[in-house]
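The following paragraphs lead through selected parts of the fold, from a pair of strands to the helices and the nonpolar interior. Please keep the sequence and the model in view while reading.

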Amino acid sequence: MSVKEAPVIMEAKHVTKKFVSGSGRPLLACNDVNLQVRKGQTLGIVGESGCGKSSFVKMIVQLYPPTEGEIIYGGRDITKLKGEELRQCRKKIQMVFQDPSAAFHPKMKVMDIVTEPLLNFKMIKKTEKEAKAKELLRMVDLPEDFVYRFPHNMSGGQRQRIGIARALALEPEIIVCDEATSALDVSVQDRVIELLVRLQKEKGISFVFICHDMALVQSFAHQVAVMYLGNIVEVLPGNEVGTNAMHPYTQAMLGAIFSTRMDFTKKIESIESEAPSPVDVPPGCPFQNRCGHCMEICRTQKPQLVEVGPNHQAACHLFQGKTER
Ligand code: SF4
């Protein structure tokens with residue numbers, strides 16, 4: 001199924017998040033973000049630490065509300081939901097964290113961890129807990145007898161599978177993975193990604209996968225959004241990242257990331273200097289102080305995200321006004 005054929009099940013429209021920094025100045029974590037999540041597909045969101053990707057997904061799972069904008073899911077703006085409606089909505093959008101052990105109670109056995117959401121929603125009886133926990137462990141390729149273990153007696157990869165099993169328990173439509181494989185060794189990371197891809201095929205789950213590893217995310221995401229200083233600067237199909245990435249920041253990221261997964265033959269530029277502070281974003285293009293192509297216009301006018309090819313948008317003055325490659 002191509003990117004466009006799958007129906008949109010969630011849409012972020014003009015989502016902006018402002019915080020107040022320690023110095024009392026406004027900090028723009030997300031700036032007018034527009035993104036779509038499609039049924040049974042993976043949206044990867046990549047960018048350096050502090051680019052706003054984690055703030056964005058926390059709004060998707062309603063850990064905090066946007067300052068402006070809407071997140072449409074099931075035909076309504078879920079950022080406005082409260083009480084029981086919000087609780088029911090959370091059933092359908094689950095999250096897997098980078099460090100699952102921090103999210104688990106150390107005195108809870110795996111059986112209790114993975115079935116807790118089901119008991120909270122009164123979807124199973126206590127007597128059904130063990131059988132359900134074993135079923136969930138089978139889904140994530142863990143032995144059934146792990147239900148009697150504590151998370152600290154398991155490896156990092158096994159704990160992450162427990163996090164995925166818990167997220168699967170409520171049969172969600174969307175699972176948000178926030179750097180869910182970043183703390184794992186490469187071989188374990190690959191096996192967890194294989195598991196996610198299998199679960200997506202079997203259950204039609206959509207994933208929003210937050211990651212700073214461009215090479216990893218392009219290997220399985222249907223669509224990749226590149227974020228810089230709170231702005232989406234490029235969106236393109238995952239399988240085109242290595243060949244068709246156009247934005248100077250995306251190209252710089254590809255050049256800057258060492259990975260055994262990639263084999264790019266074209267010359268790409270390395271990333272220069274550091275990103276400005278998010279409390280001190282310059283007017284014009286947010287990437288201007290690191291960009292080797294910076295022009296006069298880049299210092300005064302912020303480039304808009306425009307179509308540059310099929311399923312491909314970029315926000316850069318080099319491509320404004322171009323609709324096709
Ligand atoms: Fe570089 Fe200008 Fe494009 Fe920004 S808009 S990425 S500064 S060329």
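A residue is called buried when its relative accessible area is under 20%, as computed with a 1.4 Å probe on protein chains only. By this criterion strand E10 is mostly covered, with 7 of its 7 residues buried. The model under discussion is a predicted one, and the burial of E10 is a convenient place to enter it.

Which strands pair with E10? Strand E9 (223-228) is one partner of E10 (231-237): the two run in the antiparallel sense and are joined over 6 bridges. Within this pairing, Val224 stands opposite Leu236 of E10. The connection between E9 and E10 is a hairpin with 2 residues between the strands, and Leu229, located in the turn, has a positive phi of about 50°. Strand E12, comprising residues 312-314, also pairs with E10 in the antiparallel sense, here over 2 bridges. Ala314 in E12 is the bridge partner of Glu234.

The hairpin strands lead on to helix H10. Is this helix largely enclosed or largely open? Because 7 of the 9 residues of H10 (residues 248-256) are buried, the helix is largely enclosed by the rest of the structure. The buried residues are Pro248, Tyr249, Thr250, Gln251, Ala252, Met253 and Leu254. Their cover includes both strands of the hairpin, E9 and E10, together with helix H8 (214-218) and helix H9 (241-244).

Attention now turns to the nonpolar interior. The largest nonpolar core has 62 residues, and the members that touch the most other members are Ile162, Ile164, Leu168 and Phe209. Helix H7 (residues 186-203) gives the most to this core, contributing 6 residues. Apart from this core lies another, of 32 residues, among them Met10, Ile78, Val208 and Ala225. Returning to Ile162, and leaving aside residues up to four places away in sequence, its contacts are Phe104, Val110, Ile113, Val114, Leu137, Leu142 and Met154.

A polar residue completes the tour. Gln160 is placed in helix H6, which spans residues 156-168. Why does Gln160 count as buried? Its relative accessibility is 1%, and Gln160 therefore counts as buried, given that the cut-off is under 20%. With residues up to four places away in sequence not counted, Gln160 touches Val96, Phe97, Gln98, Pro100, Ala180 and Leu184.

Methods. Residues numbered from 1 in each chain as written. Predicted model: local features only at pLDDT ≥ 70, side-chain atom pairs only at ≥ 80, totals over all residues. Heavy atoms only, no water. Buried < 20%, exposed > 50% of the residue type's maximum accessible area, 1.4 Å probe, protein only. Helix = DSSP H or I, 4+ residues; strand = E, 2+ residues; numbered from the N terminus. Contact = heavy atoms within 4.5 Å. Core = buried A, V, L, I, M, F, W, Y, C linked by side-chain atoms within 4.5 Å. Pairing = 2+ DSSP bridges.
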